Amino acid sequence: MPQTPHLRLGVNIDHVATVRNARGGRHPDPVKAALAAVAAGADGITAHLREDRRHIRDDDIARLMAQLTKPLNFEMAATSEMIAIALKARPHAACIVPEKREEVTTEGGLDVAGQHNQLVPVIAELKAAGIRVSLFINADERQIESAAKVGAPVIEIHTGAWCEAVVDGHTAAAAAALERIREGAAHARRLGLEVHAGHGLD
């Protein structure tokens, strides 16, 4: 009987920082939250350094890199500023995400197909620095195939629609969204991609 692969859990600490920033001061500390998550069994930590620094800040990334004993997944937009920060910090992984200043949190997947030429050199540069690159995308066949074409070894499938349907009690919508995720993951695996999934999971 084939053995089920180990399911790894990455914990996002962004909104611990959101609360800290809203209150002012240093508490609650997202780095302490990250260390508590690791102590409780998390396999990694995710932190999104946004252009406007609305939650995670540059110093948080530096402290995470200094103190974490588990991998850091550095979520970032594909901008020259974030590329430079990633190359300096050298996290285990960098997940490229879409970013809009007016959104409260990331609203959807990256348009890999439409940004092919922009993403190819970014992915190559990060990979050359030893950073494992993933792309945050919707469970869409065209986007998954584009992710493979631009050279990303990993995708993260956006689970937001499924999570919202579950929370709202929309059983049929939740089942349909979960099936799209399953089908997308299977397609990605056939293309040789490693598959992660996240957003809205609790």
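These legends go with a set of close-up views of a predicted model.

**View 1. The largest pocket and the residues at its middle.**
Start with the big open space: the largest pocket holds about 1800 Å³. A total of 50 residues line the largest pocket, and those nearest its centre are Arg8, Gly10, His196, Ala197 and Gly198. Quite a few elements give two or more residues to this lining: the strands are E1 (10-12), E2 (44-48), E3 (72-76), E5 (132-137), E6 (154-158) and E7 (194-198), and the helices are H1 (14-23) and H8 (171-190). Which element gives the largest share of the lining? That's H8, with six residues. Sort the lining of the largest pocket by chemistry and you get 21 nonpolar, 18 polar and 11 charged residues.

**View 2. The second largest pocket.**
This one has a volume of about 150 Å³. Its lining is made up of Asn138, Ala139, His158, Thr159, Gly160, Ala161, Trp162, Ala177, Arg180 and Ile181. Helix H7 (160-167) and H8 each put at least two residues into the lining of the second largest pocket. By type, that lining splits into five nonpolar residues, four polar ones and one charged.

**View 3. Two cysteines, Cys95 and Cys163.**
How many disulfides does the model have? The count is zero. Take Cys95 to see why: the closest cysteine sulfur belongs to Cys163 and sits 15 Å away, so the two are too far apart for a bond. To count as a disulfide, the sulfur atoms would have to be within 2.5 Å. Seen from the other end, Cys163 is in no disulfide either, with the sulfur of Cys95 as its nearest cysteine sulfur. Cys95 is buried, at a relative accessible area of 0%. Cys163 is buried as well, at 10%.

**View 4. Ser146 in its helix.**
Look for Ser146 in helix H6, which covers residues 141-149. Is Ser146 buried or exposed? With a relative accessible area of 10%, Ser146 is buried, because anything under 20% counts that way. A polar atom of the Ser146 side chain lies 2.9 Å from the backbone oxygen of Arg142. If you skip the neighbours within four places in sequence, Ser146 is in contact with Val112 and Ala113.

**View 5. His48 and Glu99.**
His48 is part of strand E2. The residue is buried, with just 2% relative accessibility. Which residue does the side chain of His48 make a polar contact with? Its partner is the side chain of Glu99, at 2.9 Å.

**View 6. A cis bond at Pro28.**
Zoom in on the peptide bond between His27 and Pro28: this bond is cis, with omega about 0°. Pro28 belongs to the loop between H1 and helix H2 (30-39).

**View 7. Positive phi at Arg53 and His199.**
Neither of these is a glycine, yet Arg53 has a positive phi of about 55° and His199 has one of about 115°. Where do you find Arg53? Check the loop between E2 and helix H3 (58-67). His199 is in the segment after E7. At 25% relative accessibility, His199 is partly exposed.

Conventions. Residues numbered from 1 in each chain as written. Predicted model: local features only at pLDDT ≥ 70, side-chain atom pairs only at ≥ 80, totals over all residues. Heavy atoms only, no water. 1 Å grid on protein atoms, 1.4 Å probe; cavity = no way out; pocket = protein on both sides within 12 Å on 5 of 7 lines; lining within 4 Å. Points joined across faces, edges and corners; volume = space filled by probe spheres on them. Helix = DSSP H or I, 4+ residues; strand = E, 2+ residues; numbered from the N terminus. Nonpolar A, V, L, I, M, F, W, Y, C, P; charged D, E, K, R; others polar. Buried < 20%, exposed > 50% of the residue type's maximum accessible area, 1.4 Å probe, protein only. Polar contact = N/O pair within 3.5 Å; in protein donor to acceptor, adjacent residues only side chain to side chain. Contact = heavy atoms within 4.5 Å.
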